[in-house]
Amino acid sequence: MREVLKDAEDRMKKALATLDKEFARLRTGRASNSLLDGIRVDYYGTPTPLDQIASISTPDSRSITIQPWDRTAFGDVEKAILKSDLGLTPVNDGKIIRISIPPLTEDRRKDLVKVAKKYTEEAKVAMRNIRRDANELLKKKKNDKAINEDDLHKAQEEVQKLTDAYIAKTDAAFVKKDKEIMEI
C-alpha cells in the first residue's frame, strides 16, 4: 500500500512541477528568461533550445537580451522568436538581440488568466487520473488477496486526502499566478 501511495505522490509532485513550468512561460508584463524556454532555433538543421546556443539575460524588468555565441545564428534566433506564439519582436543590432516587453493590456491580461486556468484544469485532471490509477492498483491488490477490505478503504481514503491536498496546492498556484497577471 505504501508503494502505491508513494508512487501517486511522486506523480502528483511532477504534475504540480509541470504546472509551475507552464506558469513560468506565461508572460506577465515582466521580463524573464523563462519566457524563452520553449523556443527552439533551427541551428545547422537541428532544432536546438535557445539557451544552448546563446546567453540570455534580463538587464531590467522590461527587456531581455540575447547574445548568440555563433555570429551566424543571429538570423535564426530572430526567426525563431518571431515564429513563437509570444508576440515579441526582436531587435538585432549586429552584436546583441534585444527584446522589449510591452506592458500588457487589460484584454491580454484576461486572456492570460484564461490560459492559466486551462493549465490548472489540465493539472487537476492529471491528478484525478493518478488517483484513479492508484485506486485501481489497490483494488487489484485486494483481488489478489494481498490486502483486505479494511486496508483497501483506508488506503483509498489516504489517496483521496493526497489528491485533495495536491488539488489545493494547484488552486493556490493559480490564485498566485492570477494575482501576478492582473497586477499592473
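**Note on the predicted model: strands and helices**

1. A hairpin joins strand S3 to strand S4 through 2 residues. The structure discussed here is a predicted model. S3 covers residues 54–60, and 5 bridges connect it to S4 in an antiparallel arrangement. One position to inspect is Ala-54, which stands opposite Pro-68 in S4.

2. Strand S4 spans residues 63–68, and 5 of its 6 residues are buried, so this strand is largely enclosed by the rest of the structure. Besides S3, to which S4 is joined by 5 bridges, S4 also pairs with strand S6, residues 97–100. The pairing of S4 with S6 is antiparallel and extends over 4 bridges. Within this pairing, Ile-64 has Ile-99 of S6 as its bridge partner.

3. Strand S6 shows an alternation of side chains that a student can follow residue by residue. Ile-97 and Ile-99 point to one face and are buried. Arg-98 and Ser-100 point to the other face and are not buried. Ile-99, the bridge partner of Ile-64, thus belongs to the buried face.

4. Strand S5, residues 90–92, is also joined to S6, by 3 bridges, and the two strands run antiparallel. S5 and S6 form a hairpin with 4 residues between them. In the turn, Gly-94 has a positive phi of about 95 degrees.

5. Val-91 deserves separate attention within strand S5. Is Val-91 buried or exposed? Its relative accessibility is 51%, and because exposed means over 50%, Val-91 counts as exposed. The bridge partner of Val-91 in S6 is Arg-98. When residues up to four places away in sequence are left out, Val-91 touches Ile-96, Ile-97 and Arg-98. Val-91 and Glu-78 lie 13 residues apart in sequence, and their C-alpha atoms are 8.1 Å apart in space.

6. Turning to the helices, H1 comprises residues 2–25, which is 24 residues. From its first C-alpha to its last, H1 reaches 35 Å, close to the 34 Å expected at 1.5 Å a residue. The buried residues of H1 are Val-4, Leu-5, Ala-8, Met-12, Ala-15, Leu-16, Leu-19 and Phe-23. Among the elements that cover these buried residues are H3 and H4.

7. How do H3 and H4 lie with respect to each other, and what is the angle between them? Helix H3 (residues 106–143) and helix H4 (residues 149–182) pack at about 170 degrees, with axes 10 Å apart. The two helices are therefore roughly antiparallel to each other. In the contact of H3 with H4, the residues divide into 15 nonpolar, 6 polar and 13 charged.

8. A final residue to consider is Asn-135, which is placed in helix H3. Asn-135 has a relative accessible area of 17% and is buried, because buried means under 20%. Leaving aside residues up to four places away in sequence, Asn-135 touches Gln-156 and Val-159. For comparison with strand S5, Val-91 is exposed at 51% relative accessibility, whereas Asn-135 is buried at 17%.

Conventions
Residues numbered from 1 in each chain as written. Predicted model: local features only at pLDDT ≥ 70, side-chain atom pairs only at ≥ 80, totals over all residues. Heavy atoms only, no water. Axes fitted to C-alpha atoms, helices over the stretch in contact; angles between N-to-C directions. Parallel < 35°, antiparallel > 145°, perpendicular 65-115°, else oblique. Nonpolar A, V, L, I, M, F, W, Y, C, P; charged D, E, K, R; others polar. Expected span 1.5 Å × (residues − 1). Buried < 20%, exposed > 50% of the residue type's maximum accessible area, 1.4 Å probe, protein only. Contact = heavy atoms within 4.5 Å. Pairing = 2+ DSSP bridges.
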